[in-house]
Amino acid sequence: MKMKMKMMMMMMMMMMGCAAQEQLQKDEDMDPDVSEFDLNFAPPRIPRQVKTILTKETKPHIQELSIRTTIISRYAFTAVYCVMLNRHSVAADATFHFHIPADAFVSNFTMIIGGRVYQSEVRPREKKVKQNKSKNKESGDASPQLDAQVFRALVNIPGRNRAVFLLTYEQLLRRRLGRYEHVTSLRPLQLVSRLSLDITIVDQSMIRDLEVLLLRNGASAQKISVKPETPVATEISNEKNVCRITFSPNIVQQAKISTSGMLGDFLVRYDVQRDMGIGDIQVLNGHFVHYFAPKDLPVVPKNVVFVIDTSASMLGKKIRQTKDALFTILKDLRPEDHFNFISFSSKVKVWQPGRLVPVTPLTVRDAKKFIFTLVPSGGTNIDGAIQTGSSLLGDYLSGSDSGPNSVSLIIFLTDGRPTVGEVQSTAILGRTRSAVRENFCIFTIGIGNDVDYRLLERMAVENCGMMRRIGEEADASAMLKGFYDEIGTPLLSDIRINYTEDSVQYVTQRLFNNYFNGSEIVVAGKLTDRSVKSLHVLVTASNNDKDIVLETDVPLRRQQIQTREHVTAATVAMAGGAKGPGSEVAQRLGVALGSIAEDFVERVWGFLSVKEGLRSRLRSQTSREREEHVHQATNLSITYNFLTPLTDLVLEKPEVLAHGSMAPAPTVSSTSGEAESTANQLPDTEDAALQTSNTEPSSHTSSLRNTIGKERKAAKKSLAVSRTSADGDPHFVVDFPLSKLSVCFNINGEPGHVLRLLSDHRHSGVTVNGKLVGAPAPQGSHKQRRTYFSTITVIVDRPKRAYIEVNPERVILDGRDRLVLPCHSSVEVDSGVLSVSVVAQCNVTVTVGGDISFVILLHHYRNPAPYQRNHLGFYIGNSKGLSHHCHGLLGQFLYEEVGVAKLPAQEDVKPSTVLKVKGRSVPVVQKSRRIFSGTQSVDCWFARNNAAQLIDGEYADYVVSHMFHTDTPMFHTDTPVFHTEGEPQDS
């Protein structure tokens, strides 16, 4: 409050030039013309220019734009919260747009309009857009631009109403020139009433060299001042491993930067303290990530050929800036390097034909003369230039002058598309591969808007290089020099990173051609056995004239403990950051990001795996190979809800009536507040048969890799399902057919807890765990909150380990290979040990070995109330294969018999009923429970107090550490005390 008052006083003094007392008196007299803008930070008397801009604004006004970013070990989670107000009485179109970094993935988009929630869904991208696509479905448009992707959503806001948008995206920060750089685009295209940016950086290593630069915009994007200045309204706190930056300019401060709302990019640069050796390895929840960035190594000599476009389109600023950059690069070449220049337009010209020359004062002088004489003219012969450069470099490498441990590369620059010679991209790429033969790398640079960037990207990816884009208005000289600086100092070549073969699987790229000074190599993977004590890591590489071998054993248990402590520190830091500027809802974003960050290591693995799949798709030489990479990357994108080039973000479009109000929500019959899916309805019989839906497979059904079993469409069939279940909030029902009665109870769990539903690990090898997600309780409820099952895993350890993980959007089947099945498509997969049948938007049936089956209902809300969440219901179908030793919240009752006894009234105590189970007497009352999505009613005896005395032990005994925990606790049923056999193991 004191800081806010101080800011207001400073603004009033600068803008009005009056005494403080006079301005405080005017504070009570807010101008009614701008009061509805909710100007939280602006002074009572707004400058005329700002007031004019606001009052003349015809499109919906952005009341709040709050951006929260959490960077945990270089992996950034960003949440964007935007509130738009339609001040007019009629409906108005509004566009929510936000620039996201080019290498980031959108992971969620949600809208709230007219009090209704519209939640996006990631689906496989259709190969062909159908003309008869439903009008009520719209894709979030993430069209690529030069240095960023612009995410757009066009909506119609009812008159005198608000729209709320929530966008999240994720990004692994790349290390360049010894720094990580995080960029947040602040371009709302209008002045914003409440604008705030909060960035929290947490790392296991000490944060160093932190810089917060002035906002950059347009051509100044690459210019760096010698003494960086901090933007106005910016606060920075840095304490070793935790750093927090906030930027919250009020509306007047925004207007001083730009009255159009084009504030620019907010840049944060930093590095972390590094130790010599194998690098930083972090372990969490069965996944690992390895950061490798060695330092203080001798520089490896390089052989470089610069191939420069001098076609007519390069005339003017482009060729001038290119020459400036090349003059600077020449000064940075080292004496041990060899180089040459090629210019191309309609013809190709080589500066020094047939050779690469050493770096001497004389050769540098002659090269400058060659560069100076370059004159743009003619067309663009890309193929001829690449062939000439490849032949020149290849001949040099096969001769006796080249060193054995040097790094060779071509730097190719163009501003256009091929117009002379070979112009077909596929032919150019094929000829380039044949010429390069994996002997060197090609780095490509495109300038401007008329470039075939797909061709340049494939050319670089297929030949171990990188591609860089330079905008039409950008400072090409600075960007060219910066790109060369990234690759101009090679330290290692032929880097191989290996881990204990039987301990890891699904490891991302482990072979790297080069490592450049100031960069970083990142590898991630999954641990096959979480109980293994150590992981052997071996890194081999070449440096100048010698081979390098780094080797160590990483203690996994200790690393996991350290990583968990690291995540806890991040969560605490984010919760503290939530107290910053912005609305109450926006302040909660930090807490929400903290919960997501708990799985950051796995998400790093998912992010890298998708990126690798996309690169492999570009490198594919056959259509079959390409399809395999496309399927793999698509499945992973859906698993982690990433919007990628292979997926679409599908969203129900809000409908506004002609008079400007929201159309009424579709009426769907629903019972007891349960989800609106009617596909889960079952016949109202005692032994209900679960019928599959007649829904045809969605047009978005993806072709799945057939690597672990046979895949087919789900057939129509009946399956006997017992009443023994956990569904809803969650409500448990246990059916005792021999005793001819049912018992029910509630479990008031904690959001985030993982509960053991069924445990037969030591006998049949089956374990079922369920993860809880929280929601606020409805008004008037006696509960403080609601909880639902958001994820259920079925783990099988015999004859080999496999698991099925189910959530309302997808099913993951992980055995010998990994398969992702979207829940909006009907499909069956049989892997021999485990089989799964998905009925679109309805249910998932999991069968183990033919005599064990479970049915998981999928509950989706079309327009959920605040207290509702998409969730799962768990039902036991066939339990014949489960042993009499089975336990868990449901499993412990499978082979029990119970009885009901009436206790007579005694003095002041009324007559009561008790349930006789396992030698215990449990007070119960009669109730009626609705199951199977409300289509069946069950009369049951209800045990209160979180099932106290009914279940063995207490609630805490059924909470396990993670979704794949399979250790079986031992209970003595004659007393409700919980006992374990030995020390619990994290399996």
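Glu170 and Arg603 are both buried in this predicted model. Their side chains meet in a salt bridge, with 2.9 Å from N to O. Glu170 belongs to strand 10 (residues 161-172) and Arg603 to helix 14, so the salt bridge ties together parts that lie 433 residues apart in sequence.

This pair belongs to a wider set of charged contacts, and the count for the model comes to 33 salt bridges. Another of these joins the side chains of Glu462 and Arg433, at 2.8 Å from N to O. Here too, distant parts of the chain are linked: Glu462 sits in helix 9 and Arg433 in helix 8 (residues 425-436), 29 residues apart. Glu462 has a relative accessibility of 13% and therefore counts as buried, the cut-off being under 20%. Arg433, with a relative accessible area of 27%, is partly exposed. Some salt bridges share partners, and in this way Arg74, Arg175, Asp203, Asp271, Arg274, Asp280 and Glu520 are joined into one network.

A further salt bridge is formed by the side chains of Arg365 and Asp366, at 3.5 Å from N to O. Arg365 is partly exposed, with a relative accessible area of 45%. Asp366 is partly exposed as well, at 25%.

Helix 14 returns in the packing of the helices. The axes of helix 9 (residues 453-462) and helix 14 (residues 600-619) come within 9 Å and cross at roughly 100°. With this crossing angle, helix 9 is roughly perpendicular to helix 14. On the side of helix 9, the contact is made by Arg454, Glu457, Arg458, Val461 and Glu462, while helix 14 contributes Arg615, Leu618 and Arg619. Sorted by class, this contact holds six charged residues, two nonpolar ones and no polar ones. Glu462 thus appears in two settings: in the contact with helix 14 and in the salt bridge with Arg433.

Turning to the strands, one open sheet is built from four of them, in the order 29-27-31-32, with antiparallel pairing. At its edges are strand 29 (511-516) and strand 32 (546-555), each of which pairs on one side only. Neighbouring strands in this sheet are turned by 25° against each other on average, direction ignored. Strands of a sheet pair through backbone hydrogen bonds, in either a parallel or an antiparallel manner. Within this sheet, strand 27 (residues 490-499) and strand 31 (residues 534-543) pair in the antiparallel sense over five bridges. A good place to see this arrangement is Tyr499, which stands opposite Val537 in strand 31.

Technical notes: Residues are numbered from 1 along each chain as its sequence is written. This is a predicted model: local features need pLDDT of at least 70, side-chain atom pairs count only at pLDDT 80 or more; totals for chains, interfaces and linings use all residues. Side-chain values use heavy atoms; hydrogens and water are left out. Two strands pair if DSSP finds at least two bridges between them. Helices (H or I, at least four residues) and strands (E, at least two) are DSSP runs, numbered from the N terminus. Axes are lines fitted to C-alpha atoms, for helices over the stretch in contact, and angles run from 0 to 180 degrees between N-to-C directions. Angles under 35 degrees count as roughly parallel, over 145 as roughly antiparallel, 65 to 115 as roughly perpendicular and the rest as oblique. Contact means heavy atoms within 4.5 Å. Ala, Val, Leu, Ile, Met, Phe, Trp, Tyr, Cys and Pro count as nonpolar, Asp, Glu, Lys and Arg as charged, and the others, Gly among them, as polar. A salt bridge is a side-chain nitrogen of Lys or Arg within 4 Å of a carboxyl oxygen of Asp or Glu. Buried means under 20% relative accessible area, exposed over 50%, partly exposed in between (1.4 Å probe, protein chains only).
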